[in-house]
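Work through the two exercises below with the sequence and the 3D structure at hand, and try each task before you read its solution.

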Amino acid sequence: MVDDPVEGILAPARPIVVAAGGTGGHLFPAEALAHALRAHGRRVVLMTDTRAAEFAGGFPAEAVHAVPAATPSGRSLLRRAEAAVTLAKGVLAARRLLKQIRPSVVVGFGGYPTVPPVLGASFAGVPCIIHEQNAVLGRANRFLAGRATLIATGFAELGGVSPALSSKCRHVGNPVRPAVVEAVSPYRPPGEGRFHLLVFGGSQGARIMADIVPPAIQLLTPQERARLVITQQARAEDHERVAGIYEQLGLQHEVAPFFKDLPTRMAHAHLVIGRSGASTIAELSVMGRPSILVPLPGALDQDQAANAAFLEGVGGAIRILQPEFTPSRLANELSGLLKQPSHLTVMAENAKSAGIPDAADRLARLVIGVANS
């Protein structure tokens, strides 16, 4: 038995299982929740897929378990059938593990790696909470929603939810990593001085950023370019051509496939150009940084488009759909912001007004409430 600092009563020392995998967009909020739960004296176990297990060594959990998972998408019926078989094996494996772990609750963070642990928990009679980071309920979470005790949401309005499921929804915000909260600092507009531009497009960078941003910088006037300090994430195969253009222009720049200190770099940026995954939106909002967002196209749920629309709606971002994301369009936007730095300050304030810096603790309290019941 351990003291529960949330409720002030004795609570069972059974662990809480956090289920997340696939991408950083799912792992980052799961990591933030795990830190918050441990701060409340709770034991945490991570259940993930084999791919994510390889880089989950720093995850704040007492144990990490990998279970089979796959995504049943694409046109090939054979591959979809194979994915369904893999998921079924994952459910059986997860259920066996859960019988050994005996958790008080399982918390899933979306994506198909979450399906085996949450389904396994449901079959074993363990309460389940799913957290939806995006502004639209994703396919995996939609599949699991009927079995969930509660649905925690990153956005106040969640698309794709039926009236029957809406009563389960609780808005807590999107948890951000402690490194993000630690990096928060007041926004300082560039004025007429150096203009720090941060460009990234996901955990491995995005080719579209390498294709569009450097040519857009070339279209700026020499006076505008002279003010820029550019930090850009680019894939290894794009590094040479991106860095080469900036070198040719004589710009102060840093180009790399990955930045471990991205929150710190975001805090130093006057403007961010990137995709609009839920974690990116949450971090921009908590930090209060203006952005130009290019939603990832082609997603069935159009979740990134909805995420970007939210931040644009509060006046904290400029949303450019990928077909419209051309060098000339981007150059026009950059030129306008360079000439009107006061607009950047307004965007920063608007973005920050939408941030929920204590989302991890809000979610932790919701989870502990279900665990205690």
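**Exercise 1.** In this predicted model, find out whether R275 is buried or exposed, and how far away the nearest side chain of opposite charge lies.

*Solution.* Begin by locating the residue: R275 sits in the loop that lies between β13 (271-274) and α12 (278-287). Next, consider its surroundings, where R275 turns out to be buried, and then look for a partner of opposite charge, the nearest being the side chain of D211 at 9.0 Å. A salt bridge requires a side-chain nitrogen of Lys or Arg within 4 Å of a carboxyl oxygen of Asp or Glu, and R275 has no salt bridge. Finally, search for polar partners: the side chain of R275 makes a polar contact with the side chain of Q322 at 2.7 Å, and a polar atom of the R275 side chain lies 3.3 Å from the backbone oxygen of P295.

**Exercise 2.** Determine in which order the 7 strands of the open sheet are arranged, and which of them are the edge strands.

*Solution.* Following the parallel pairing across the sheet gives the order β5-β4-β3-β6-β7-β8-β9. The edge strands, each of which pairs on one side only, are β5 (63-66) and β9 (169-171). From one strand to the next, the twist averages 25 degrees. As a check on one pair, take β3 (residues 16-19) and β6 (residues 105-108), which are joined in the parallel sense over 4 bridges, with V18 standing opposite V107 in β6. To complete the picture, add helix α3 (residues 77-101), which packs on the sheet and touches β3, β4 (44-48), β5 and β6, while its direction makes about 175 degrees with that of β4.

Key
Residues numbered from 1 in each chain as written. Predicted model: local features only at pLDDT ≥ 70, side-chain atom pairs only at ≥ 80, totals over all residues. Heavy atoms only, no water. Pairing = 2+ DSSP bridges. Helix = DSSP H or I, 4+ residues; strand = E, 2+ residues; numbered from the N terminus. Axes fitted to C-alpha atoms, helices over the stretch in contact; angles between N-to-C directions. Contact = heavy atoms within 4.5 Å. Buried < 20%, exposed > 50% of the residue type's maximum accessible area, 1.4 Å probe, protein only. Lys, Arg positive; Asp, Glu negative; His and termini not counted. Polar contact = N/O pair within 3.5 Å; in protein donor to acceptor, adjacent residues only side chain to side chain.
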